[in-house]
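Take a walk through this predicted model, starting in its interior and ending at the end of the chain.

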Amino acid sequence: SGRSIQHGLHHLEAREVLGQIGYAICPMIARGAMLGPDQPVILHMLDIEPAKTALEGVRMELIDAAYPLLAGVVATTNVEEACKGVDVAVMVGGFPRKAGMERKDVMSKNVAIYKSQASALEKNAAPGCKVLVVANPANTNSLILKEYAPSIPAENITCMTRLDHNRALGQLSERSGVHVSKVRNVIIWGNHSSTQYPDVNHATIDGKPAREVIGDDSYLDGDFISTVQQRGAAIIKARGLSSALSAASSACDHVRDWVLGTPEGTWVSMGVYSDGSYGAPKDIVYSFPVTCKDGKWTIKQGLSIDDASAAKMKATGDELVEEKALAMECLE
Ligand code: LMR
């Protein structure tokens, strides 16, 4: 039931392939984890000049893996060429956070990169290109991209909080002993940072309210939240490198659900341009619960929010407003 190659090709761009996330995500995309098992893909990989030979090595490996779905590989150090005709752009390139650094420390290094890549995308990507920003500070990088690529609709520029969402599902699964596939509808509010608010108040485990199944509110309001908030740092400490396979896998989940739709009755978390829903600040990229259909996301409306949640949602929104101001300063 494959779609016609000519009409159905998706060009994907995985930036900075020598980065760990890039190296992890290419084989996932080539195997259909991002756009489904019937969708041929052409991978566009971009890296910096000093990595040119190594990038060529990755192109060789992708050919050697003989993927049935892989219809082409473009390996380049030219950003214009990398962006040419892409339908999906996964922005994994950036200066990585090292142990002991806060996301703010990487800000000045990364916002300048995103400003210059915005115009390359705007000029070269396919109309309707969907953009996912993974590199930190992810929310603010995607905001910069939106500001400097004004012809790309804001709704097409998103950032990844699916990794945090999946981490929250994983923690609830570990705690309850119920398989992660039966845990649904957690929410990550706000920033992909340690101020994010992982909210379990609407989550279910095997169809029952998560709070009932776990039966330990002090855990859910305490260690659960801090574990998810600090998971990125915990991985950096344990691996000596930031998360890569989980980030790559979650990026595939993000794009797949965006393009192919979320299952009935399920929402996922995505960083999207805020319309002020749930009292979030406008004109920043904030993570909300969203459902997706026909390639479009919609913020899930009407969820009840208690006072404790509202305070946490405000704190992470405040941080994003601050980050935005800092980013604009760095660009001046
Ligand atoms: C993560 O969440 O694993 C990454 O964003 C790395 C980090 O800086 O925490």
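**From the core outwards**

Start with the largest nonpolar core, which holds 88 residues. Within this core, Ile25, Val131, Val133, Val134 and Ala251 touch the most other members. Helix α2, residues 20-30, gives the most to the core. Its contribution is seven residues.

Now pick out valine 131. Set aside its neighbours within four places in sequence. Valine 131 is then in contact with Ala89, Met91, Leu121 and Leu145, among others. The list of its contacts also includes Ile152, Asn156, Ile157 and Thr158.

One of those partners, Leu145, leads to helix α6, where Leu145 is among the buried residues. Helix α6 spans residues 138-148. Nine of its eleven residues are buried, so the helix is largely enclosed by the rest of the structure. A residue counts as buried here if 20 or more other C-beta atoms lie within 10 Å of its own. The buried residues begin with Ala138, Asn139, Thr140, Asn141 and Ser142. Leu143, Ile144, Leu145 and Lys146 complete the set.

Next, turn to a sheet. Three strands form an open sheet in the order β7-β10-β11, with antiparallel pairing. The edge strands are β7 (183-184) and β11 (208-209). Each of these two pairs on one side only. Strand β10 covers residues 204-205 and pairs with β11 in the antiparallel sense over two bridges. For isoleucine 205, the bridge partner in β11 is lysine 208.

Step back to the whole chain. It has 13 helices and 14 strands. The radius of gyration is 19 Å, close to the 20 Å that the globule rule gives for 332 residues, so the chain is as compact as a globular protein of that length. Along the principal axes, the C-alpha atoms fill a box of roughly 50 × 50 × 40 Å. Of the 332 residues, 47% count as buried. Contacts also reach along the sequence: among those between residues at least 6 apart, 72% join residues at least 24 apart.

Finish at glutamate 332. Where does glutamate 332 lie relative to α13? It lies in the segment after that helix, which covers 307-331. Is glutamate 332 buried or exposed? Glutamate 332 is exposed, with 4 other C-beta atoms within 10 Å; the exposed class takes in residues with 12 or fewer. Compare its position with that of lysine 84. These two residues are 248 residues apart along the chain, and their C-alpha atoms are separated by 29 Å.

Technical notes: Residues are numbered from 1 along each chain as its sequence is written. This is a predicted model: local features need pLDDT of at least 70, side-chain atom pairs count only at pLDDT 80 or more; totals for chains, interfaces and linings use all residues. A nonpolar core is a set of buried Ala, Val, Leu, Ile, Met, Phe, Trp, Tyr and Cys residues joined through C-beta atoms within 7 Å. Helices (H or I, at least four residues) and strands (E, at least two) are DSSP runs, numbered from the N terminus. Two residues are in contact if their C-beta atoms, placed from the backbone, lie within 7 Å. Two strands pair if DSSP finds at least two bridges between them. The radius of gyration is taken over C-alpha atoms; the globule rule is 2.2 Å times the number of residues to the power 0.38.
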